[in-house]
Amino acid sequence: MPARLRSLPANVTDTTLALWSSDEAADWQTQSVGPDLAGVRLERARPAREFVSWPGKRNYEGLWWSSTTRAHIGFESLLERDALLWLDWDTDAVAISSQPLAFLWPKGTPGHKSHVPDYFVRLADGDGKLVDVRSEAHQSKKALAQFALTREVCNLVGWQYEVWPALPAGMAESLRWLAGYRQDRCAPSPETHDRILAAFADGARLGDGVEQVVRFAAVPAEIVLANVYHLLWDRTLTVDLTRPLSMSTKAVVS
């Protein structure tokens, strides 16, 4: 396994280079950016640079356990953590990696030497997507120029590209709550699963549906409610997440 990079190498060529390393590679790989890069399994990539922390650092960093990848994924800010929450909930995302590669811009690129996108996402149709996380308030001219360069590269490779600003308005509180029930321990047993689907088949308020399952499945209400939240997270059940969740929220089988 190659050592973590503390700094990125300089590009002395006239073409954009991509630098990455996967958990299957013995060393860091470098190649010119082009359509061939689309075949690299960046969902298996190791972070292209270290996550560095120090006392008094303003950004909060950590690891997010992803129900999509069944593994931890690193983040360097609470906004990046929210992006991981959103990607984890997105059924079109089937794999996610953090800081998957570095783009080394051609020598002489004004104001920029390199860029490490925040996330790579493998989509359900097999396509790839790079994601940069930046709130609209912090999208400076320099950042926008960096994003424009990255978008050009993604167009050349055949990847999608997104600058992710924040959780959608009205959904942040609901998704953060449901994310607490994404773990397997909150999944219902097969019998309870079937009871829940029957209770919400024609739509029902959360409180009424939980009460019905408790009555017929002889499972404690707090367990059933955790099961229901888990099924809301994995979209087996659907609710209007733009409104605060309550026991009066109506849910239906997706």
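**Exercise 1.** Is Asp-208 buried, partly exposed or exposed?

*Solution.* The model is predicted: local features need pLDDT of at least 70 and side-chain atom pairs pLDDT 80 or more, while totals for chains, interfaces and linings use all residues. Residues are numbered from 1 along each chain as its sequence is written, and side-chain values use heavy atoms, without hydrogens and water.

Step 1. Buried means under 20% relative accessible area, exposed over 50%, and partly exposed in between (1.4 Å probe, protein chains only).
Step 2. Asp-208 has a relative accessible area of 37%, so Asp-208 is partly exposed.

**Exercise 2.** Find which residue forms a salt bridge with Asp-82, and place both partners.

*Solution.*
Step 1. A salt bridge is a side-chain nitrogen of Lys or Arg within 4 Å of a carboxyl oxygen of Asp or Glu.
Step 2. The partner is Arg-176, with the closest N and O atoms 2.5 Å apart.
Step 3. Asp-82 belongs to helix H1 (residues 78-89) and Arg-176 to helix H3 (residues 172-179), 94 residues apart. Helices here are DSSP runs (H or I, at least four residues), and strands are runs of E (at least two), numbered from the N terminus.
Step 4. Asp-82 is buried at 7%, whereas Arg-176 is partly exposed at 43%.

**Exercise 3.** Describe the salt bridge of Lys-129 and Glu-162.

*Solution.*
Step 1. The N to O distance is 3.1 Å.
Step 2. Lys-129 lies in strand S9 (residues 128-133) and Glu-162 in strand S10 (residues 160-164), so the bridge ties together parts 33 residues apart in sequence.
Step 3. Lys-129 is buried, at 10% relative accessibility; Glu-162 is partly exposed, at 25%.
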